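This report follows a few helices and two buried positions through the structure, and it is best read with the model open alongside.

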Amino acid sequence: MPLVIAHRGASAYAPENTLKAFALAADQCADMCELDVIATSDGALAVFHDDTTGRWEAHDHDVRQVSMAHMQALDIGGEKVPHLADVLDLARTRGMQLNVELKHAGVARQVLDAI
């Protein structure tokens, strides 16, 4: 039987890679959520797809060169960029499996520790 994997959460119905998108995917009975993780300049693990912030703000900053506070100030369709820990908490609470994509090398140990 095939798995239903919600790409970046229920991204057709809620802003991608946000807690709202992941919760909606669980509500829609997805078997798993795919998400993207990138480390910010202060070492936080942001759940965010793009390498830069250009799609969400006028200045095109490299995500690895800005803080998590900067990332959380972005407006992602009315939602905020979540920390990986927040998505992990939601997944545990809702019984949701995750497919975690690492956007850059060097964060695997940090992501494994968080999981």
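The buried residues of helix 1 are covered by elements that include strand 1, strand 2, strand 3 and helix 3, in a model that is predicted. The residues of helix 1 that count as buried are A21, F22, A23, A25 and A26, and the helix is followed by C29, which has a positive phi, near 70°.

Helix 3, which covers part of helix 1, spans residues 84-94 and has its own set of buried residues, namely L84, V87, L88, L90 and A91. When helix 3 is seen down its axis, these buried residues fall within an arc of 160°, so they line one face of the helix. In an α-helix there are 3.6 residues a turn, so residues three or four places apart point the same way. The cover over the buried residues of helix 3 includes helix 1 (19-27), strand 2 (32-39), strand 3 (45-47), strand 4 (97-102) and helix 4 (108-114). Just after helix 3 comes G95, which takes a positive phi of about 70°.

Two single positions, T18 and D36, add detail to this picture. T18 is found in the loop between strand 1 (5-7) and helix 1, whereas D36 has its place in strand 2, an element that is among those covering the buried residues of helix 1 and of helix 3.

Is T18 buried or exposed? With a relative accessible area of 1%, T18 is buried, because buried means under 20%. D36 also counts as buried, at 0% relative accessibility.

The polar partners of these two side chains are set out below.

| Side chain | Partner | Distance |
|---|---|---|
| T18, a polar atom | P15, backbone oxygen | 2.6 Å |
| D36 | N17, side chain | 3.0 Å |

Leaving aside neighbours within four places in sequence, T18 is in contact with I76, E79, K80 and P82. With residues up to four places away in sequence likewise not counted, D36 touches R8, N17, A46, V47, F48, H49, E101 and K103, so that N17 appears both in this list and as the side-chain partner in the polar contact of D36.

Separations along the chain can also be set beside separations in space. The C-alpha atoms of D36 and H104 are separated by 10.0 Å, although these residues are 68 residues apart along the chain. For T18 and H59, which are 41 residues apart along the chain, the C-alpha atoms are separated by 21 Å.

Methods: Residues numbered from 1 in each chain as written. Predicted model: local features only at pLDDT ≥ 70, side-chain atom pairs only at ≥ 80, totals over all residues. Heavy atoms only, no water. Buried < 20%, exposed > 50% of the residue type's maximum accessible area, 1.4 Å probe, protein only. Helix = DSSP H or I, 4+ residues; strand = E, 2+ residues; numbered from the N terminus. Arc of directions from axis to C-beta. Contact = heavy atoms within 4.5 Å. Polar contact = N/O pair within 3.5 Å; in protein donor to acceptor, adjacent residues only side chain to side chain.
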